[in-house]
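Hi,

Here is the structure I said I'd pass on. Have a look at it first, and my notes are below.

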Amino acid sequence: MTQAPESNERTRIERYDAVSIEPRWQARWDELGLYRTDLDDTKNRYYLLTMYPYPSGDIHIGHWYIKTPTDAIARYQRMHGKNVFLPIGFDAFGLPAENAAIKQKISPREWTMSNVANMRRQLRQMGATFDWTSEVVTCDPDYYKWNQWFFLQFLKAGLAYRANSPVDFCPNDGTLAREQVEGADRRCWRCGAKVEKRDLDQWYLRVTKYADELLDFSEIRFPDPIRLMQTNWIGRSEGAEVVFRSTGGDEIPVFTTRPDTLFGATFLVLSPEHPLVTKLTAPERRAEVDAYVARSAIATEIERLSTDREKTGVSIGADAINPVNDERIPIFIADYVLSGYGTGAIMAVPAHDERDYAFAEKFGLPIRRVVARRGEEDAALSEAYIAHADDEVLVNSGEFSGQSAEEGGRRIVASLAARSEGKAAVTYRLRDWLVSRQRYWGTPIPVIHCPTHGIVPVPEADLPVLLPDTVDYAGVGVNPLTRDEAFLNVPCPIDGEPARRETDTMDTFMDSSWYWYRYLSPDRADFPIDQDRVETWTPVQLYTGGAEHAVMHHLYGRMFTKMIRDLGMVRQNEPWRRVFNQGQILGADGERMSKSRGNVQDPDELVSKYGADTVRLFLMFMGPWDQGGPWSPTGMGGVHRFLSRVWALSLDPHYKEPGDPDAGTLPEGQDEAAARSALRAVAHRTLRDVTADYEVFHFNTMVAKLMELTNTLFRYRGSVVAGGPEWDEAMRLLLLMLAPAAPHVTEELWSRRLAARGEEWSSIHRETWPTVDESAATESTREVPVQVNGKVRDRITVPANADAATIERAALASDKVRAILAGRTPDRVIQAGGGRLVNLVVRE
C-alpha cells in the first residue's frame with residue numbers, strides 16, 4: 001500500500017458553524033444585489049415561478065419543501081448562463097384574515113401586514129434567490145386597483161355579468177363562503193347552525209366561452225393527473241338537446257348523451273331548483289314537494305351525486321310528453337339532478353342507467369329496454385337493468401328499430417330537429433366563474449347601483465375603489481361593508497343622484513390569476529402590465545406548486561390569460577409553459593399540516609439548530625420531490641454531518657485519524673497513479689449523474705450521489721492523492737454541484753478556496769456549471785465492496801470489465817479479508833448486481 005508522507009499532521013480548523021455563516025452571506029448577497037434580475041436583458045431569459053404564499057402568520061416546513069428545491073433550480077439555471085427571474089409576493093386577501101380580525105379585534109390589514117413582515121424574514125433565511133424588488137402584495141391598493149380595472153374591461157366585453165344564484169346561508173351569521181361550511185351535515189363554521197341555500201344576485205365571469213380551448217393542452221405541460229382532472233372538471237359531453245313539453249305546453253329541454261335511448265324514457269326528473277317546479281306542481285302535491293325542495297337545499301352536491309346514497313324524490317303530479325312517441329310520462333323532482341348541470345332536467349331511461357333503474361324500482365315505474373347487443377334482440381323484453389355494450393342495435397324504438405345505436409341516434413335527432421323538437425348539442429360540466437364574495441377583506445367590485453340607470457361601472461379614473469380602513473363586525477349575518485354608510489353612499493357617475501356601491505368583493509382567485517404578469521412591472525401606475533416585458537418573458541418557463549390547485553388556481557389562471565388575450569393585452573394562449581407539482585409534506589400524524597391539528601413543524605427551530613443549508617438539503621434528500629410524505633426530522637443530523645464532512649475535506653485534506661493504521665493509505669490494489677485516475681473518474685461520473693438529476697428535479701438521488709463522492713474523497717483523505725490536482729478538481733466539482741442546494745456553506749468554502757490561492761473573491765453562484773470530461777468518466781476500473789458474512793470488510797478495485805472469477809480472486813487476495821478469514825476457505829462466494837458486490841459466507 002502506498003503511504004502518504006509521515007509529516008502530514010492535522011491542521012486545526014474551526015468546526016462548521018452554519019448559524020454564523022448563513023446570515024453573513026445573505027447580507028452580502030443582498031448588498032451586492034446578486035439576485036436582482038435585469039428584466040431588460042432578454043438574452044437567455046428564464047422565468048421561474050413558485051406559488052406565492054398566503055400570509056397566515058408563519059412559514060411552515062411545507063413552504064420550504066416547495067420553495068427551496070425551486071431555488072435550487074434557479075441557481076442551477078443561472079450557472080448555465082440563464083438570466084433567471086424568481087420573484088416572490090403574498091396572496092394577502094382572504095377569509096383567515098377576517099376570522100383573525102373578529103377573534104383578535106384588530107383590522108384584517110393590520111393582521112395581514114404583520115404576518116407579511118414576519119414571513120419576509122423567514123423567506124429570506126432560506127437563502128433563496130428571490131428578487132424582492134419585484135414583490136407584490138395583493139391587498140395593496142396599487143395591486144387590487146388593477147383587479148378592478150380588469151373587471152371593468154370584462155364587463156365592457158360581455159365577459160362579466162350579474163345573475164341570481166343560490167349561496168350558502170346561516171340563519172345566525174348570514175351569507176357564508178363555501179369554505180365556511182363545515183362537515184357532511186353542513187354546519188356554520190362560527191356558530192354551528194345548519195346551513196341552507198338562498199338565492200342572491202351575484203357576479204360571474206363568462207369562462208364557459210373558453211371550455212373547448214381549455215381542453216387543448218398542446219401549449220402547456222401539466223403532470224398527467226392534473227391534465228386529467230381539468231379535463232374531467234370541464235366535462236365536455238356530446239349528445240342532443242331534446243325538448244319535452246308539459247301537458248300544458250311548457251318546454252322542458254333535456255340534454256342527453258344517448259339520444260338513441262329516447263324510446264326508453266319512462267319518466268322525467270327535474271332538479272328541486274328547476275324554475276318550472278312551482279308552476280307544474282299539482283295543488284295536492286304542493287306540501288310534499290315544498291318540503292322536499294327545502295330538504296334538498298341543505299344537502300351538498302357531493303351528497304346529492306353520491307352513487308351509494310339511496311335515491312329520493314317525489315312526484316309533482318304532472319306529466320310530460322316524450323317527443324319521439326307522444327307518450328305521457330310522469331314528472332318527478334329528485335336531488336340527484338342539479339340545476340347547474342346541463343338543463344337541470346333529465347330523461348330517465350331505467351333499463352340502461354343504473355341510477356334511473358334504482359329510482360324506477362323504488363317508485364314502481366316502467367322499465368323498457370330499447371338497445372341490445374346485436375344478435376340478442378330477443379332479450380329486449382327483459383325489465384332488468386342492462387348496461388350498455390359494444391355493437392348495440394335499437395329495439396322497441398318504432399321505425400328506428402334494427403338500426404345501430406350510433407346511426408339510430410343520429411336519425412332520431414335529425415327527425416326531432418326537423419320538427420324543432422331537438423338538435424345535436426354539446427354541454428359542459430364547467431360553469432361560469434362565480435367571483436362574488438359577501439365579505440369585507442377582498443377587492444371591492446367596482447360598480448354602482450343607481451335607482452335610475454341600474455348598474456353603472458365606476459369610472460376608471462376613480463379607481464381604486466378603496467376598502468375602508470376599519471369596519472364594524474358587530475351584529476350577525478351581514479357583510480360589514482353593507483353597514484358602512486361612507487363606503488355605501490356615493491353619487492351616480494351618470495347623473496350625480498344618490499346611489500349605492502356594490503358591497504360584494506372578488507374571489508381571491510382573481511388576485512392570483514395574473515400576478516406573474518404584475519411581477520414584471522410591480523410599480524407601474526398607468527397600466528396593469530408591461531406588455532413588452534410580458535411578450536418577452538412569458539409564458540413562464542416553469543411554475544412550481546401544489547396539485548391541490550388543479551381545478552382552481554391552475555384553471556383560473558389559464559382562463560384569465562385567454563380573457564385578457566381576447567382584450568388584446570397579451571398574445572399568448574397559456575400563462576405557463578410547464579407546471580410541476582411537488583408532493584405534500586404531511587404532519588407526523590399523516591394529516592395535512594395545520595395549526596389547529598398541532599402538527600406543524602416550525603422551520604425556525606431547525607434553522608437555529610442546524611442552519612438553512614441542512615434543512616434545504618434534508619428536504620431534497622427525504623424522497624422524490626413529486627411525492628412528499630409525513631414529516632419526520634429523523635436524519636436531519638445525518639445531513640448536517642454530511643455538510644460537516646464537506647467542510648473538513650475542503651479545509652483539511654491531509655488529516656489522518658490518529659490510531660487508524662489505514663489512515664492515509666490507498667485502497668487495495670491501487671497505486672498512486674491508479675488512485676488519481678480513479679478519483680477523477682468518480683468525480684466526473686458524479687458530475688454527469690448529478691447534472692442529469694438536476695435537469696429532471698431528482699433532488700434525492702442528486703444528494704445521494706454527492707454523498708457518495710464525499711465518501712470517496714474521505715477514503716483518499718490524508719493519502720498522497722489528497723491536496724493534489726485530481727483532489728483539487730474533485731473538490732471544486734463537489735462544491736459547484738452542491739452550490740444550488742446548499743448555497744451558504746459552498747459560498748463560504750469557495751471564498752476560502754479563492755483566498756488560499758490569492759485570488760479575488762467572486763461568488764460561486766456566478767460560476768459556470770462544469771463540463772463532464774467523458775474520457776475521465778469512462779470507467780477503466782471499478783470499486784467493489786467485499787463483505788464477510790454480510791459485513792463490509794474492504795473495497796477492492798478491479799478492471800471495469802472484470803469477470804466473476806477475476807473479482808473473486810481479487811476479493812480473496814485482499815489483506816483485510818485474508819486476516820478475517822484466517823486461513824479458512826469461504827463456504828460460498830456470492831456476487832450480487834453483476835459483480836457490484838461480493839459476499840463471502842463462512843461458517844462460524
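Let's start with helix H1: its buried residues pack against helix H2 (61-79), H4, helix H17 (603-610), helix H18 (612-621), helix H19 (636-651) and helix H23 (743-756). Before the rest, some housekeeping. This is a predicted model, where local features need pLDDT of at least 70 and side-chain atom pairs count only at pLDDT 80 or more, while totals for chains, interfaces and linings use all residues. Residues are numbered from 1 along each chain as its sequence is written, and side-chain values use heavy atoms, with hydrogens and water left out.

A few terms, too. Helices (H or I, at least four residues) and strands (E, at least two) are DSSP runs, numbered from the N terminus. Buried means under 20% relative accessible area, exposed means over 50%, and partly exposed is in between (1.4 Å probe, protein chains only). Contact means heavy atoms within 4.5 Å.

Back to H1, which covers residues 18-32. Its 15 residues should span 21 Å at 1.5 Å a residue, and the end C-alpha atoms are indeed 21 Å apart (the expected span is 1.5 Å times one less than the number of residues). Which residues of H1 are buried? They are Ala-18, Ile-21, Glu-22, Trp-25, Gln-26 and Trp-29. Looking down the axis of H1, these buried residues fall within an arc of 125°, so they line one face of the helix (the arc is that of the directions from the helix axis to the C-beta atoms). As a reminder, an α-helix has 3.6 residues a turn, so residues three or four places apart point the same way. After H1 comes Gly-33, with a positive phi near 65°.

One of the elements that H1 packs against is H4, and Gln-122 sits in H4 (residues 108-124). Gln-122 is buried because its relative accessible area is 1%. Its side chain makes a polar contact of 3.3 Å with the side chain of Asp-604. (A polar contact is a pair of N or O atoms within 3.5 Å; within protein, one must be able to donate a hydrogen and the other to accept it, and residues adjacent in sequence count only if both atoms are side-chain atoms.) Beyond its neighbours within four places in sequence, Gln-122 is in contact with Gly-57, Asp-58, Ile-59, Asp-602 and Asp-604.

Helix H12 (residues 405-418) can be read in a similar way. H12 has 14 residues and reaches 20 Å from first C-alpha to last, close to the 20 Å expected at 1.5 Å a residue. Ala-405, Gly-408, Gly-409, Ile-412, Val-413 and Leu-416 are its buried residues, and seen down the axis of H12 they fall within an arc of 135°, so one face of the helix is lined by them. Turned away from that buried side is a face carrying the exposed residues Glu-406 and Ala-418. What do the buried residues of H12 pack against? Strands do the job: E10 (237-246), E17 (392-394) and E18 (422-427). Ser-420 follows H12 and has a positive phi, near 60°.

On to a pair of strands. E26 (residues 542-546) and E27 run parallel and are joined by 4 bridges (strands pair if DSSP finds at least two bridges between them). Thr-544 stands opposite Phe-580 in E27. The chain gets from E26 to E27 through helix H16 (residues 553-566), and this β-α-β crossover is right-handed; that is, with the strands pointing away from the viewer, the path from the first strand over the helix to the second runs clockwise. In E27 (residues 579-582), Val-579 and Asn-581 point one way, Phe-580 and Gln-582 the other, and all are buried.

Some backbone spots to check. Most residues other than glycine have a negative phi, and most peptide bonds are trans. Against that:

- Leu-463 and Pro-464 are joined by a cis peptide bond, omega about 5°; Pro-464 lies in the loop between strand E22 (454-457) and helix H13 (485-488).
- Thr-538 to Pro-539 is cis, with omega near 5°; Pro-539 is in the loop between helix H15 (531-537) and E26.
- Asp-326 has a positive phi, near 60°, in the loop between strand E13 (314-322) and strand E14 (327-333).
- Asn-396 has a positive phi, near 50°, in the loop between E17 and H12.

Are those last two buried or exposed? Asp-326 is exposed, because its relative accessible area is 61%, while Asn-396 counts as partly exposed at 36%.

Finally, the overall picture: the protein chain has 26 helices and 33 strands, and 53% of its 844 residues count as buried.

Cheers
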